[in-house]
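Student: I should like to go through the terms used for this structure and see what justifies each of them. Could we begin with the terms for solvent accessibility?

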Amino acid sequence: MTQQDTGRVALVTGGSRGIGYGIAEALVARGDRVCITGRNEDSLKEAVEQLGADRAMYVAGKAHDEEHQAAAVDRVMEAYGRVDHLVNNAGTNPVFGPLAELDLGVARKIYETNVVSALGFAQRTWAAWQRENGGTVVNIASIAGLSASPFVGAYGMSKAAMINLTQQLAQELAPAVRVNALAPAVVKTRFAAALYEGREAEAVARYPMQRLGAPEDVAGAAVFFSSGESRWITGQTLVVDGGLFLNAGV
């Protein structure tokens, strides 16, 4: 084992770009091996090339597809023989508008992708490795899950469920597995572009840190939660928001 190899393996869902890729990149830099998932195979191939094919692999598929969940965990175990860390980052937010007018089919899709898939991946990594060997789960929630979120209400509801899922799993999987969540504010990614493009100065104005987030801001917190430095922390949700909530009542 080289100095740059921790011997540990992480599975990062939704890891081809944005926050997920930032987390995968930080874990590889730490010395972990990483498997990323996502829907677009070309994007995944490109991401693995950037991460280093000797340190990373991918499995393409839809996060809510149970066959994909099983295949991803199976492939990681075949390739690396273990899966110490799970990062549930895959998510969707296909609508912008009031809940009173929301198509219920869309609401179900959001929950399937944002919440049920996270539970599915957690169940499979637990059964494949973590139950006997321990590990961590990091769920990527959102500040939208901590308060009312006008026009992205279904997304916010799903992230509130993700935060509660974190608590439930932390209780059930202890002491072998620690489960924590991150709740970012707006991070400059393609996923969140509609929230700031064309009005970034206005969006930034409410942030005491005077900027929006970057993927590496969330990645640093994810690395912490998947390290021994956080060994006595479980069931917690860390807000990563550039101070936005300080102005919540203003």
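Tutor: A residue is called buried under 20% relative accessible area, exposed over 50%, and partly exposed in between. The model before us is predicted.

Student: Why is Phe225 called buried or exposed, whichever applies?

Tutor: Phe225 has a relative accessible area of 4%. Buried means under 20%, so Phe225 is buried.

Student: What makes Phe224 buried, exposed or partly exposed?

Tutor: The relative accessible area of Phe224 is 31%. Because partly exposed covers the values between 20% and 50%, Phe224 is partly exposed.

Student: How many aromatic pairs are found in the whole structure?

Tutor: The search finds two aromatic pairs. In the pair of Phe96 and Phe151, the ring centres are 5.4 Å apart and the planes stand at 25 degrees.

Student: Why is the pair of Phe96 and Phe151 called stacked?

Tutor: Ring centres must lie within 6.5 Å for a pair, and planes under 30 degrees apart count as stacked. With 5.4 Å and 25 degrees, Phe96 and Phe151 therefore form a stacked pair.

Student: What makes this pair a tie between parts of the chain?

Tutor: Phe96 lies in the loop between strand S4 (85-88) and helix H4 (104-133), while Phe151 lies in the loop between strand S5 (135-140) and helix H5 (153-173), so the pair ties together parts that are 55 residues apart in sequence. Phe96 counts as exposed because its relative accessibility is 59%, and exposed means over 50%. Phe151, at 45%, counts as partly exposed.

Student: What is the geometry of the pair Phe224 and Phe225 called, and why?

Tutor: The centres are 5.6 Å apart and the planes are at 35 degrees. Stacked requires under 30 degrees and edge-to-face over 60, so this pair is tilted.

Student: Which residues make the nonpolar surface patch, and what makes Phe245 eligible for it?

Tutor: Leu146, Val239 and Phe245 make the patch, of about 210 Å². Phe245 lies in the segment after strand S7 (237-240). Patch residues need over 30% relative accessible area, and Phe245 has 35%, so it meets that condition.

Student: How many cavities of 30 Å³ or more are there, and which element gives the most to the lining of the largest cavity?

Tutor: The count comes to one cavity of 30 Å³ or more, and about 40 Å³ of space lies in the largest cavity. Helix H4 gives the most to its lining, with five residues. The lining residues include Thr13, Asn88, Phe121 and Met162.

Note on methods. Residues are numbered from 1 along each chain as its sequence is written. This is a predicted model: local features need pLDDT of at least 70, side-chain atom pairs count only at pLDDT 80 or more; totals for chains, interfaces and linings use all residues. Side-chain values use heavy atoms; hydrogens and water are left out. Patches are made of residues with over 30% relative accessible area and no salt bridge: like charges are joined within 9 Å, nonpolar side chains (Val, Leu, Ile, Met, Phe, Trp, Tyr) within 5 Å. Accessible areas come from the Shrake-Rupley method with a 1.4 Å probe; for residues, only the protein chains shown count as cover. A salt bridge is a side-chain nitrogen of Lys or Arg within 4 Å of a carboxyl oxygen of Asp or Glu. Helices (H or I, at least four residues) and strands (E, at least two) are DSSP runs, numbered from the N terminus. Buried means under 20% relative accessible area, exposed over 50%, partly exposed in between (1.4 Å probe, protein chains only). Rings of Phe, Tyr and Trp (its six-membered ring) pair if their centres lie within 6.5 Å; planes under 30 degrees apart count as stacked, over 60 as edge-to-face and the rest as tilted. On a 1 Å grid over the protein atoms alone, a cavity is a set of points where a 1.4 Å probe fits but cannot get out, and a pocket is an open set with protein on both sides within 12 Å along at least five of seven lines; lining residues have an atom within 4 Å of a point. Grid points are joined across faces, edges and corners, and a volume is the space filled by probe spheres set on the points.
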